[in-house]
Amino acid sequence: MFQYFLIYKPFGMLSQFTREGDHQTLADLDFTFAKDMYPVGRLDADSEGLLLLTNDNFLKTKLLEPRNRHTRTYYVQVEGEVTEEACRQLVNGVTISVNGKQYKTLPAEASMIEEPQLPERDPPIRFRKNIPTSWLALTLHEGKNRQVRRMTAAVGFPTLRLVRWSIGKISLADMEANFPKPGDVWEVTPKEARLFYERSF
């Protein structure tokens, strides 16, 4: 029987069950998963947000196959007041380094947003009194290593906090809890799981 679980991955946690150094892993969540459940894709330890776990290999393949270009939306807090020009550059694609080679990112969607309603990060980001911060929503159709951070740095706005808000048409707002928090786990139905690879716009 196929199962589909979403988690709000906390900051500092690895997207895996295997121990590695002092980092927390998915095994530290207050939930017991079947042994055949694995994360689809990953979020780096210093990123937060939506992560899918399933034993449905068809869905895994569909989401991880680059040519399918499924959407993922991130809320990104950056250092400095992000500009319309920076957003235009992100939309058109920027050049980043991937495995030591120059890579032009696919067209994306990028917009300035007000600070979203999110739980406090633990630990909080380090504020610098003389440098403001701002937020943007960034929707990608690909998933290179640390791509969001590399993209915002390329347009002059280093990422301070990174939260994956949605995958396809499923977002943290769909959680059963009124106000999702890091470490929350919830199950979705096979019908709902199809929304992962449907375009969100």
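This passage walks through the overall form, the strands, the cores and a few buried polar residues of a predicted model.

The protein contains four helices and 11 strands. Its C-alpha atoms occupy a box of roughly 50 × 35 × 35 Å along the principal axes. For 201 residues, a compact globule would be expected to have a radius of gyration near 17 Å, and the value of 17 Å found for the protein therefore agrees with that rule. Buried residues account for 47% of the 201 residues. The contact pattern can be described by separation in sequence: of the contacts between residues at least 6 apart, 72% link residues at least 24 apart. About 11,100 Å² of the protein is exposed, with carbon and sulfur atoms supplying 48% of that area.

Two strands offer a clear view of side-chain alternation. In a regular strand, side chains alternate between the two faces of the sheet. Strand S11 (residues 185-188) follows this pattern, with Trp 186 and Val 188 buried on one face, while Val 185 and Glu 187 point to the other face and are not buried. S11 runs antiparallel to strand S1 (residues 4-9), and four bridges join the two. Within this pairing, Ile 7 is placed opposite Val 185. Strand S5 (residues 95-98) also alternates: Ile 96 and Val 98 are buried on one face, whereas Thr 95 and Ser 97 point to the other and are not buried. Its antiparallel partner is strand S6 (residues 101-104), again joined through four bridges, with Thr 95 opposite Lys 104. Two residues lie between the strands of this hairpin, where Asn 99 adopts a positive phi near 55°.

The nonpolar interior comes next. In soluble globular proteins, nonpolar side chains tend to be buried together. The largest nonpolar core here has 22 residues, and the members touching the most other members are Leu 6, Leu 50, Leu 52, Leu 59, Leu 172, Trp 186 and Phe 196. Two or more residues of this core come from each of S1, strand S3 (48-54), helix H1 (57-64), strand S8 (133-140), strand S9 (159-167) and S11. A second, separate core holds 21 residues, among them Val 78, Val 94, Ala 110 and Phe 157. Returning to the largest core, Leu 172 touches residues outside its own sequence neighbourhood of four places, including Tyr 8, Leu 50, Val 163, Pro 180 and Trp 186.

Leu 172 also touches Arg 164, a residue of strand S9. Is Arg 164 buried or exposed? Its relative accessible area is 5%, below the 20% cut-off, so Arg 164 counts as buried. Beyond its neighbours within four places, Arg 164 is in contact with Arg 42, Leu 43, Glu 48, Gly 49, Leu 50, Leu 51, Arg 72, Thr 73, Tyr 74 and Leu 172. One of these partners also offers a polar atom: the backbone oxygen of Leu 50 lies 2.8 Å from a polar atom of the Arg 164 side chain. The C-alpha atom of Arg 164 is separated by 20 Å from that of Val 94, a residue 70 positions away along the chain.

Another buried polar residue, Gln 77, sits in strand S4. Gln 77 is classed as buried because its relative accessibility is 6%, and its side chain makes a polar contact of 3.2 Å with the side chain of Thr 133. Apart from residues up to four places away, Gln 77 touches Ile 125, Phe 127, Thr 133, Ser 134, Trp 135, Pro 158, Thr 159, Leu 160 and Arg 161.

Val 82 belongs to the loop between S4 and H2. With a relative accessible area of 8%, Val 82 is buried too. Its contacts, setting aside residues up to four places away, are Met 112, Ser 134, Trp 135, Leu 136 and Phe 157. Between the C-alpha atoms of Val 82 and Ile 125, which are 43 residues apart along the chain, the separation is 18 Å.

Helix H3 (residues 147-154) completes the picture. Which residues of H3 are buried? They are Gln 147, Val 148, Arg 149, Met 151 and Thr 152. The cover over these residues includes strand S4 (72-79), helix H2 (84-92), S5, S8 and S9. Just after H3, Gly 156 takes a positive phi of about 90°.

Definitions and conventions. Residues numbered from 1 in each chain as written. Predicted model: local features only at pLDDT ≥ 70, side-chain atom pairs only at ≥ 80, totals over all residues. Heavy atoms only, no water. Buried < 20%, exposed > 50% of the residue type's maximum accessible area, 1.4 Å probe, protein only. Pairing = 2+ DSSP bridges. Core = buried A, V, L, I, M, F, W, Y, C linked by side-chain atoms within 4.5 Å. Contact = heavy atoms within 4.5 Å. Polar contact = N/O pair within 3.5 Å; in protein donor to acceptor, adjacent residues only side chain to side chain. Rg over C-alpha atoms; globule rule 2.2 N^0.38 Å. Areas by Shrake-Rupley, 256 points an atom, 1.4 Å probe, with all protein chains shown as cover.
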